[in-house]
Each structure stands twice: as C-alpha cells, then as structure tokens.
Amino acid sequence: MTYLTSADTNSRTPGLRFRDLLARPGILAMPGAHNGMAALQAKQAGFGALYLSGAAMTASMGIPDLGIITVDEVAFFIRQLKRAADLPILADGDTGYGEVLNVMHMVRVFEDAGAAAVQLEDQLLPKKCGHLNDKKLADPRDFATKIAAAAKARHHLYIVARTDAAAEEGIEGAVARARLYIEAGADAIFPEALTTSEMFREFSRRMPDVPLLANMTEFGRTPFFTAPEFEAMGYKMVIWPVSSLRVAARAQENLYAALKRDHGTHGMLDSMQTRAELYRTIGYSDYEALDQSIVRTIVPEGTPQNSPT
C-alpha cells in the first residue's frame, strides 16, 4: 500500500483520532519524529501517534530553536510525517508565530497540513528550549487570549497549552496559569521542565481532571522516567521530542568522521541500513508495482487531429 493509492476510508478527522487514542486506558506514548523516515520507523515499531518537535525541526535545518522558522516551514514537516505514516501528529506551534490572528492562521494551516494537535507555549520571543535558563514568560492573560483564539479557529485540532512557569513562579504559578489556559479553551496542559517526581505528582494532584503531558527529553532538567512511571504520577501523554534527531545526528557525525579518516565507508557498513532494509521500510516494491500497473495511454493513429486535410 502506498500513500498514492490508500483510500481515505477513515471518517475521523486527525483531531478526533487523537482524542480516540486518549480515551483508551493507559498513557499515550509519542516519540519525536523529525522527518518522514523517522515517522515510518516509529509506526513500524508499533507507536500510534507522533510528536513533531520545534527543536528537532530546527536542528535538522541546521539552526537553533529560537522562534526563527515560519508556520509554512512547520507545515512542510507536518505534511511529510502525515504522508509517510498517517498517524495522529502533535505539532509544536511554539508561541503561535505572532499574536491572536497569527495563532488562528497557524491553527488552520496546521489542520490543512494534517496535524491532529498543536502545542502552544507561554514564552515571549525569542523563545527558548524549555530546559534552558533565562526564559521570558508571557503575561498569563495575554497567552490565555492566544489559547482562546486557537480554540475559536479550530475545526478539530486538539490544543495542548504548555507553561514554562515552574522555573520562575514555582508550582503555584504554573498551576494558576494552567487553570487559566484550560478556562480559555485548552484541552490539555504541558508543565515544562519539572525537576523532581514530587513536582510531577504535585502538579497532577492540583489538576486532577485535566489531561497532562510529560516531556522526557534527554540532557535536560527532568530526571529519567519511563512511560509507566509518568502514568503512575498522573500523566496521560509523554513525548521524547528530540531523541530520533539526537541518534541520527550522532550516527551521521560518526559516518563523516570515518569517511574523512578512512577515505571510504567500508568501515561503517555494519552501522548502515542495507539497501533491502531501506526499500522495505519505504515500501519501494509497492510503488514499483503501482507504477507498472498503470496502463500507458496511446493516442490512436488516424484521429481527426492527425488525419490529413
């Protein structure tokens, strides 16, 4: 089966499919996928939804995650993941790419590209990774207005409001913001950069009826927890936003170093997908069979257009 011939028999929109997953028992585990190949591999590993990280997108483009890219550039990544894997995608919307009307535009663009959910964060530009220092927080009521705008513009998109307030305002401030964002129309809350299991449990205890998302990024402020551990702490979703990019980047770094050192790739073959494995992953034979099945159209000779006058 290829995306060119797959029948759109699912009457559920991406946003409704995402809600269906959340309605199931247990925690929804969403690995980050930074391109179509990663999306395919995550699907083949058995995951049912994907996270598209702004940090992974920008790093794959060779630039930092400082609010530089545009909504149309993100839509390109959304379409790529949707086309490759057709899984519900939670897409990182940063701060909304502007003010209220920009947020509404972003929602419509993301829905058109195939996203199921969007994450918005309460930082000011230039925004930073949530685990870095010197983040500048938006006024909570200003950000709540953005959430309300996103809710007004959506047809089906699930809205996750991220608050970065725990580092500066503590759990009290983060919870107060989260409650305001839920009132404004957010469906779930993402408390960023919590640093202990006690903080995760306390946040969950204070937001008992709200779906919560945990961020298990490497090399950050949050200790390592597994998906079942987050579930036990009261969380409904967990993401590993940049893991696929980190692994791929290290593999490429090793390849280029070996190529420069050895003047060839012969020492790296054991680290590579074989041609057969690559073709199997992307469904090469399905596309080839589709190509061969199309009957070539031949214009008959002697038509009025070709007959001599």
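The questions and answers below walk through a predicted model of one protein chain.

Student: How many helices and strands are there in the protein chain?
Tutor: The C-alpha atoms of the chain, taken along the principal axes, fill a box of roughly 85 × 55 × 40 Å, and of its 309 residues 46% count as buried. Within the protein chain the count of secondary structure elements comes to 12 helices and eight strands.

Student: Among contacts between residues at least 6 apart in sequence, what share joins residues at least 24 apart?
Tutor: Contacts between residues less than 6 apart are set aside in this count. Of the contacts that remain in the protein chain, the share joining residues at least 24 apart is 71%.

Student: Which helix gives the most to the largest nonpolar core?
Tutor: In soluble globular proteins, nonpolar side chains tend to be buried together. Here the largest nonpolar core has 65 residues, and those with the most contacts inside it are I78, F110, I189, F203, F230 and Y235. The helix that gives the most to this core, with eight residues, spans residues 166-184 and is α7.

Student: Which residues does the second, separate core include?
Tutor: Apart from the largest core there is a second one, made of 17 residues. Among its members are F18, Y51, Y158 and A188.

Student: What is the distance from the first C-alpha of helix α4 to its last?
Tutor: Helix α4 covers residues 71-85, which makes 15 residues, and at 1.5 Å a residue a span of 21 Å is expected. The distance in the model is close to that expectation, for α4 reaches 21 Å.

Student: Which elements do the buried residues of α4 pack against?
Tutor: The buried residues of α4 are V71, V74, A75, F77, I78, Q80, L81 and A85. Three residues of α4, namely V71, V74 and I78, are also touched by F110. The elements that the buried residues of α4 pack against are α2 (36-44), β2 (50-52), α3 (54-60), β3 (89-92) and α5 (100-113).

Student: Which residue with a positive phi follows α4?
Tutor: Helix α4 ends at residue 85. The residue that follows α4 has a positive phi, near 50 degrees, and is D86.

Student: Why does V103 count as buried?
Tutor: V103 has its place in helix α5, and among the residues it touches beyond four places away in sequence are L120, K146 and A150. Buried means under 20% relative accessible area. V103 counts as buried because its relative accessible area is 0%.

Student: How far apart in space are V103 and I147, C-alpha to C-alpha?
Tutor: In sequence, V103 and I147 are 44 residues apart. I147 is one of the buried residues of α6, and what covers those buried residues includes α5, β4 (117-121), β5 (158-163) and α7. From C-alpha to C-alpha, V103 and I147 are apart by 8.4 Å.

Student: Why does the span of helix α6 agree with what is expected?
Tutor: Helix α6 runs over residues 140-153 and has 14 residues, which at 1.5 Å a residue should span 20 Å. The two agree because the end C-alpha atoms of α6 are apart by 20 Å.

Student: Which helix gives the most to the lining of the second largest pocket?
Tutor: The second largest pocket has a volume of about 670 Å³ and is lined by 23 residues, of which M37, Q41, V247, A248 and A251 lie nearest its centre. This lining divides into 13 nonpolar, 10 polar and no charged residues. Both α2 and α10 (243-262) supply at least two of the lining residues, and the helix that gives the most, with nine residues, is α10.

Key
Residues are numbered from 1 along each chain as its sequence is written. This is a predicted model: local features need pLDDT of at least 70, side-chain atom pairs count only at pLDDT 80 or more; totals for chains, interfaces and linings use all residues. Side-chain values use heavy atoms; hydrogens and water are left out. A nonpolar core is a set of buried Ala, Val, Leu, Ile, Met, Phe, Trp, Tyr and Cys residues joined through side-chain atoms within 4.5 Å. Buried means under 20% relative accessible area, exposed over 50%, partly exposed in between (1.4 Å probe, protein chains only). Helices (H or I, at least four residues) and strands (E, at least two) are DSSP runs, numbered from the N terminus. Contact means heavy atoms within 4.5 Å. The expected span of a helix is 1.5 Å times one less than its number of residues. On a 1 Å grid over the protein atoms alone, a cavity is a set of points where a 1.4 Å probe fits but cannot get out, and a pocket is an open set with protein on both sides within 12 Å along at least five of seven lines; lining residues have an atom within 4 Å of a point. Grid points are joined across faces, edges and corners, and a volume is the space filled by probe spheres set on the points. Ala, Val, Leu, Ile, Met, Phe, Trp, Tyr, Cys and Pro count as nonpolar, Asp, Glu, Lys and Arg as charged, and the others, Gly among them, as polar.
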